[in-house]
Amino acid sequence: MSKVLLITNIPAPYRVDLFYYMQTHQQTHEFFVIYTNRNEDNRQWVIDERKLLQSTILESKIIKRKGEGDVHYLHIPQHLTREITRINPDVVIAWEYNPSALKALLWCKRHGRKFIHLTDGTLHSERNIGRVQKLMRHIIIRHADACIASSTKAKEKLLHWGAPKRKIFLSLLTVDISRFRYAEKRENQHTLLFVGRIIHLKGLDLLLRALPKVHQPFELLIVGDGEADEKAKLMAMAEETHVAQHIRWLGFQSGEPLADAYRRASVFVLPTREDCFGLVLLEALCSGTPIVASKYADGAYDIVHPGENGLIVDPEDADALAEAIDSILGSEKIRRRYSQTCRQYIPQFEFEAVMQGYLQAIAFVTSGNK
């Protein structure tokens with residue numbers, strides 16, 4: 001049985017759930033996990049500690065940098081190399097282009113072990129990276145024995161940076177979809193739903209600009225917390241555009257209240273300016289909720305099949321966004337068809353299917369392929 005070490009930043013629930021599944025549903029590899037920090041200050045996640053099997057959580061110095069519409073976190077972990085040496089893995093899978101991934105790559109080269117690079121990033125999400133960040137991508141992608149992409153758009157990014165196609169394996173980003181999948185759809189007609197952090201990047205202001213152009217009656221449910229200043233701006237904007245009376249701000253929700261919000265929604269809307277994936281789209285898909293997604297949500301191209309279970313639009317085009325919402329709200333037949341079609345696209349996001357991308361990449365590097 002080979003030892004495989006996964007190195008990522010924080011124990012996000014969707015990562016923890018997948019890793020736990022991989023640790024308990026296959027017999028070929030023994031999976032270990034290193035998280036470089038317990039949490040980041042913009043997250044409210046609650047983790048099931050029982051699922052942290054063979055997991056180490058390090059402490060990191062965290063450098064925060066204000067980016068375009070969001071804050072970026074750089075982890076500089078303590079004792080990472082010591083922990084890798086203690087575990088002594090045959091294969092290391094490390095996320096993205098950071099000091100942890102670079103240290104893991106150097107350790108693998110020094111000890112003759114295999115290194116697999118995993119990325120969620122896309123050409124759009126990484127369009128403004130600087131010289132040092134480009135250098136890190138060049139080094140890590142060039143020297144990786146294989147790569148795992150969490151979306152079709154992430155795979156396009158890897159190809160752009162010179163990764164050979166034969167060395168790229170697809171493992172779609174996912175969540176525990178059973179929390180959303182196995183409940184009856186109970187739509188409240190004309191209910192729009194947004195789920196996400198309330199930050200400029202998520203494009204709620206773009207949705208508010210479009211809402212006055214929507215002809216169908218609607219109620220918008222906004223689930224999520226975020227920056228107080230941004231929320232204040234959005235609430236003022238809602239008053240100015242005369243849609244405030246149609247909006248309910250529900251704050252952060254998880255578990256059954258969140259799942260129920262998806263089940264009751266007529267249309268899920270994600271007007272984001274940038275998302276490497278957009279797991280909320282997957283939650284909507286698994287809930288059977290028709291979707292209107294921004295073309296800048298890179299996971300939309302794996303989740304939304306236009307005209308079948310939703311639509312992909314330019315969120316900065318208020319007329320196009322309003323028209324997409326109207327087209328679904330205004331037709332019960334379309335909503336029912338979109339909802340039913342959602343089911344056929346769910347299986348590729350099951351943990352078993354997602355795990356195969358990891359297993360294929362591991363098999364590739366351990367079988368002597370170059």
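The legends below describe several close-up views of a predicted model.

**View 1. A nonpolar patch on the surface, made by I63, L74 and I76.** The patch formed by these three residues covers about 200 Å². One of them, L74, has its place in strand β5, which spans residues 71-77, and L74 counts as partly exposed because its relative accessibility is 32%, a value between the limits of 20% for buried and 50% for exposed residues.

**View 2. The packing of helix α3 against helix α4.** Two packed helices are described by the angle between their axes and by the distance between those axes. Here α3 (residues 99-111) and α4 (residues 131-143) pack at an angle of about 35°, and their axes lie 11 Å apart, while the crossing of α3 past α4 is left-handed. On the α3 side the contact involves P99, A101, L102, L105 and K109, which meet M136, I139, I140 and H143 of α4.

**View 3. Helix α10, a mostly covered helix.** Eight of the eight residues of α10 (residues 279-286) are buried, among them the charged residue E283 as well as L279, V280 and C286. The helix is followed by G288, which has a positive phi near 75°.

**View 4. Two histidines with positive phi, H79 and H242.** Most residues other than glycine have a negative phi. H79, however, has a positive phi of about 65°; this residue lies in the loop between β5 and α2 and, at 44% relative accessibility, counts as partly exposed. H242 has a positive phi of about 60° and lies in the loop between α8 and β12, where H242 is exposed, with a relative accessible area of 60%.

Key:
Residues numbered from 1 in each chain as written. Predicted model: local features only at pLDDT ≥ 70, side-chain atom pairs only at ≥ 80, totals over all residues. Heavy atoms only, no water. Patch = residues over 30% accessible without salt bridge, like charges linked within 9 Å, V, L, I, M, F, W, Y side chains within 5 Å. Areas by Shrake-Rupley, 256 points an atom, 1.4 Å probe, with all protein chains shown as cover. Salt bridge = Lys/Arg side-chain N within 4 Å of Asp/Glu carboxyl O. Helix = DSSP H or I, 4+ residues; strand = E, 2+ residues; numbered from the N terminus. Buried < 20%, exposed > 50% of the residue type's maximum accessible area, 1.4 Å probe, protein only. Axes fitted to C-alpha atoms, helices over the stretch in contact; angles between N-to-C directions. Left-handed = near helix turned anticlockwise from the far one by under 90°. Contact = heavy atoms within 4.5 Å.
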